[in-house]
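Here are some notes to read alongside the structure, written for someone meeting it for the first time. Please keep the sequence and the 3D view open as you go through the points.

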Amino acid sequence: MTIPAKAKKLSSTLWEIPPSYKQGMKVSARIVATRKLLESMDDAVIDQVTNVATLPGIVGHAYCRPDGHSGYGFPIGGVAATDPARGGVISPGGIGFDINCGMRLIRTNLTLEEVSPRIKELVNKLFELVPSGVGSRGALKISNQQFLEVIEQGSRWCVRRGLGWAEDLELTEDSGCVEGADASCVSSKAIARGFSQVGTLGSGNHYLEIQVVRPENGIDRKSAARFGLDLPNQIAVMFHCGSRGFGHQVATDYLKLFLSVMQKKYGIKMRDRELACAPLNSPEGRDYFAAMKCGLNMAFANRQIILHHVRKAFSQVFGRSAEELGMHMIYDVSHNTAKLENHIVDGKTTEVLVHRKGATRAFSRGMKGLPPRYKDLGQPVIIGGSMETGSYLLLGGSEGQETFFSTAHGSGRRMSRTKARKFWKGSKLLRELQHRGIYVRTASLKGLAEEAGGAYKNIDQFVEATTRAGLSKPVARFVPFGNVKGLAMAYRFLDSVAIAD
């Protein structure tokens with residue numbers, strides 16, 4: 001990226017572009033990043049984040065996180081809050097097509113030494129029980145009517161039917177169910193796309209990983225122990241997925257509706273059609289908000305069913321119950337959301353609609369909305385890396401107020417999928433991974449190339465940037481050991497020496 005001449009460096013991790021940069025900007029645009037990360041972003045990020053600054057009713061600043069790259073409407077990593085009382089809008093482009101794409105992290109009592117001899121069997125069992133890939137259908141067979149209950153009740157629907165533990169709800173953002181979801185605001189096409197996909201991983205960068213905890217590199221041993229991450233070479237499970245085709249169809253439906261009414265009915269003209277929007281306090285805005293909440297709940301239920309099958313797989317392979325294996329959730333955190341929250345705006349507590357597109361909520365300790373057991377710690381934040389690197393557990397930082405307590409959500413692509421396919425050949429990458437001890441079974445060599453580790457930025461740099469900015473702080477790092485991809489299945493044979501180096 002070429003840094004604009006008008007961009008001002010406010011600190012080592014904060015850059016500001018003033019409203020004078022572009023006609024129509026109502027607030028400044030700010031990017032949280034080191035210079036190195038800023039320069040690694042594509043040029044479209046500047047254009048998109050400054051377009052976001054033109055949204056009606058926007059307050060504070062338009063933000064982009066360190067993992068920013070170009071997306072649809074908002075950049076991935078974009079954060080913006082609008083004030084409904086000032087004509088603030090809701091925009092599908094500020095939420096994303098995969099509504100409530102998110103991360104779930106589970107601890108176990110198992111260690112690397114126990115799992116290594118059975119890793120192939122375990123990953124095969126996970127691959128069998130958790131459907132993945134484009135068009136995959138879930139093992140949960142439900143009717144259309146039951147699906148309407150799922151999208152209004154989220155994880156609660158699952159737990160009531162024995163597909164989870166009561167504590168799973170406490171340890172899920174929004175307790176696994178967003179109030180105000182209304183299935184009557186969802187199209188029949190969206191329902192048809194979604195009802196058979198509950199409990200499926202999906203494709204692309206969605207994954208289910210068996211990981212080894214590395215608290216020695218995690219900086220905060222005391223906090224790690226509070227999460228039950230205190231065993232040498234401890235095994236954890238992390239997965240990343242969202243609302244699948246259902247969320248995509250909800251976003252598509254309302255983008256079309258907003259484009260038809262935005263200017264004609266509400267006099268709103270945006271520089272970019274991808275930022276189609278409507279006032280939140282309008283019939284169209286309220287309907288989309290209620291439908292989008294259905295997408296949030298579908299994703300919570302999706303991850304809950306996947307967790308149920310993960311516990312089942314471990315139990316079958318190791319001959320012990322999930323309770324005996326200590327398979328407790330640490331947290332389930334969302335990105336790709338819009339939520340009404342109270343934040344300080346112009347010195348006053350104000351209810352605003354916070355759009356987080358490829359960004360994670362990172363509430364500080366003591367804030368309303370945290371699980372009681374984490375009230376004195378802050379919100380757990382889960383940031384995923386590539387299948388060749390690692391991931392992090394962090395805690396919400398104390399300096400996040402100005403950014404609406406939001407942080408990064410992943411390592412971020414440095415290369416488009418198209419470029420990655422040109423740069424890597426799937427067959428060659430497959431051989432290289434096998435040579436390094438990462439064994440992969442895939443239905444798509446092209447898809448494997450898209451997810452090459454080199455197509456992603458260095459996750460350690462994002463964690464460093466968010467830490468320096470006070471947005472979140474690292475607790476533990478995780479190294480991939482076995483991986484079920486939306487396009488592939490991989491398992492990696494490591495020993496304790498290799499993990500500890």
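1. How many residues does the largest nonpolar core have, and which residues have the most contacts inside it? This is a predicted model, and in it the largest nonpolar core has 71 residues, with V186, F246 and V250 making the most contacts inside it. Helix 11, which covers residues 283-318, gives the most to this core, namely 11 residues.

2. If the neighbours of V186 within four places in sequence are left aside, V186 is in contact with I151, I191, F246, V250, A291 and C294. A second core of 53 residues is separate from this one, and M103, I119, L171 and I330 are among its members.

3. Helix 10 runs over residues 244-266, and because a helix is expected to span 1.5 Å a residue, its 23 residues should cover 33 Å, which agrees with the 31 Å between its end C-alpha atoms. The helix nevertheless has a kink of about 30 degrees, centred on F258, and just after helix 10 comes G267, whose phi is positive at about 65 degrees.

4. Two asparagines deserve a careful look in the backbone. N100 lies in the loop between strand 6 (89-90) and strand 7 (102-111), and its phi is near 55 degrees, a positive value in a residue other than glycine. N336, in the loop between strand 11 (329-334) and strand 12 (337-345), also has a positive phi, near 65 degrees.

5. Are these asparagines, N100 and N336, buried or exposed? N100 is buried, because its relative accessible area is 0% and buried means under 20%; N336, at 10% relative accessibility, therefore counts as buried too.

How values were computed. Residues numbered from 1 in each chain as written. Predicted model: local features only at pLDDT ≥ 70, side-chain atom pairs only at ≥ 80, totals over all residues. Heavy atoms only, no water. Helix = DSSP H or I, 4+ residues; strand = E, 2+ residues; numbered from the N terminus. Expected span 1.5 Å × (residues − 1). Bend = angle between axes of the 7 residues up to and from the residue. Buried < 20%, exposed > 50% of the residue type's maximum accessible area, 1.4 Å probe, protein only. Core = buried A, V, L, I, M, F, W, Y, C linked by side-chain atoms within 4.5 Å. Contact = heavy atoms within 4.5 Å.
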